[in-house]
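Got the viewer open? Here's a short walk through some side chains, one selection at a time.

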Amino acid sequence: MARCVIRASALAVVVAMLGASRIDAEPIKVRLAEGNTRGFLVVRRPGGEPIAHGELRQKPGGAIIDSRLLLHFKDGSLYEETVTFSQNDVFRLEAYRLVQRGPSFPTTEISFDRKSGQYAALTQEKNAPERRARGPLEMPADLYNGLALVLLKNLAGGRASGQMAVFTPAPRLIRMDLAAEGEDRAVIGDEVRTAARYLVKLDIGGLAGVIASLVGKDPPDTRYWFVTGDVPAFARFEGALYLNGPVWRIELTGIEWR
């Protein structure tokens with residue numbers, strides 16, 4: 001019992017300190033402008049059979065880009081992430097919405113936008129009551145929820161940093177570091193291609209980060225692979241889709257004809 005109390009108290013300190021300090025980074029400049037995109041995806045446990053299928057759909061509307069990632073799991077779970085952003089010299093997040101529900105996820109419904117400056121959040125851990133919060137949300141220029149894939153294509157092998165809003169259900173900002181990590185080989189048909197591997201690391205930082213490690217609440221690292229070239233092509237994502245979630249692999253999938 002004492003150990004549980006200590007862990008709960010430490011986690012409370014983490015939550016309190018997440019928003020204690022913030023250093024804004026320079027917004028990431030547009031090197032490759034985004035346009036119409038639609039790709040079909042498969043989700044697997046590394047080395048396992050498919051557990052979900054879905055698609056990434058992106059469409060420009062004037063100066064604004066709407067991007068939607070939708071995953072349907074075999075157990076009935078749903079993951080839906082909608083990101084609205086602008087790309088006038090730099091990438092800027094304008095609005096964000098996330099829905100997670102079903103056996104594969106803790107229930108989550110989050111939305112916020114720059115125009116209203118407001119957020120609404122519902123979170124529910126398994127076998128726990130719903131928690132709701134809403135109110136004002138300051139969105140710094142380097143807030144990048146849902147934009148990691150877009151940003152990585154514009155790093156050109158370098159590194160950058162920004163921030164991400166997490167909800168408990170009240171919002172807190174944590175640091176997000178993006179960096180080139182190495183290269184791997186990918187085979188496309190009979191041709192061997194180079195795939196650049198990038199690491200996205202979420203960092204609470206400071207004493208809060210130390211405590212988070214102690215209570216097993218460190219934000220998960222994620223990795224992305226892109227086939228290199230003048231226009232980098234997304235090849236693979238590997239990581240967790242929620243805090244302390246399992247590692248899943250997301251890749252492009254082909255179309256079967258019947």
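Start by selecting Ala160, which sits in strand S9 (residues 159–167). Keep in mind as you click around that this is a predicted model. Now show what surrounds Ala160: beyond its neighbours within four places in sequence, Ala160 is in contact with Ile28, Leu155, Met176, Asp177 and Leu178. Add Ala180 and put a distance label on the C-alpha atoms; Ala160 and Ala180 are 20 residues apart along the chain, and the label should read 9.6 Å.

Next up, the rings. With centres within 6.5 Å as the rule for a pair, there are 12 aromatic pairs to find. Go to Phe85 and Phe91 for one of them: this pair is tilted, with 6.2 Å centre to centre and 55° between the planes. Phe85 and Phe91 are both buried.

Then pick Tyr198 and Phe226. How far apart are the ring centres of Tyr198 and Phe226? They lie 5.9 Å apart, and the planes meet at 80°, so this pair is edge-to-face. Colour by strand here: Tyr198 belongs to S11 (residues 191–203) and Phe226 to S12 (residues 222–227), so the pair ties together parts that are 28 residues apart in sequence. Turn on the surface and check burial: Tyr198 counts as buried at 7% relative accessibility, and Phe226 is buried too, at 2%.

For a bigger selection, grab Phe73, Tyr79, Phe105, Tyr242 and Trp248, which ring pairs link into a cluster.

Last stop: Trp225. Look over the face of its ring and you'll find Arg236, 5.5 Å from the ring centre.

Notes:
Residues numbered from 1 in each chain as written. Predicted model: local features only at pLDDT ≥ 70, side-chain atom pairs only at ≥ 80, totals over all residues. Heavy atoms only, no water. Phe/Tyr/Trp six-rings, centres within 6.5 Å; stacked < 30°, edge-to-face > 60°. Buried < 20%, exposed > 50% of the residue type's maximum accessible area, 1.4 Å probe, protein only. Helix = DSSP H or I, 4+ residues; strand = E, 2+ residues; numbered from the N terminus. Lys NZ or Arg CZ within 6 Å of the ring centre and 35° of its normal. Contact = heavy atoms within 4.5 Å.
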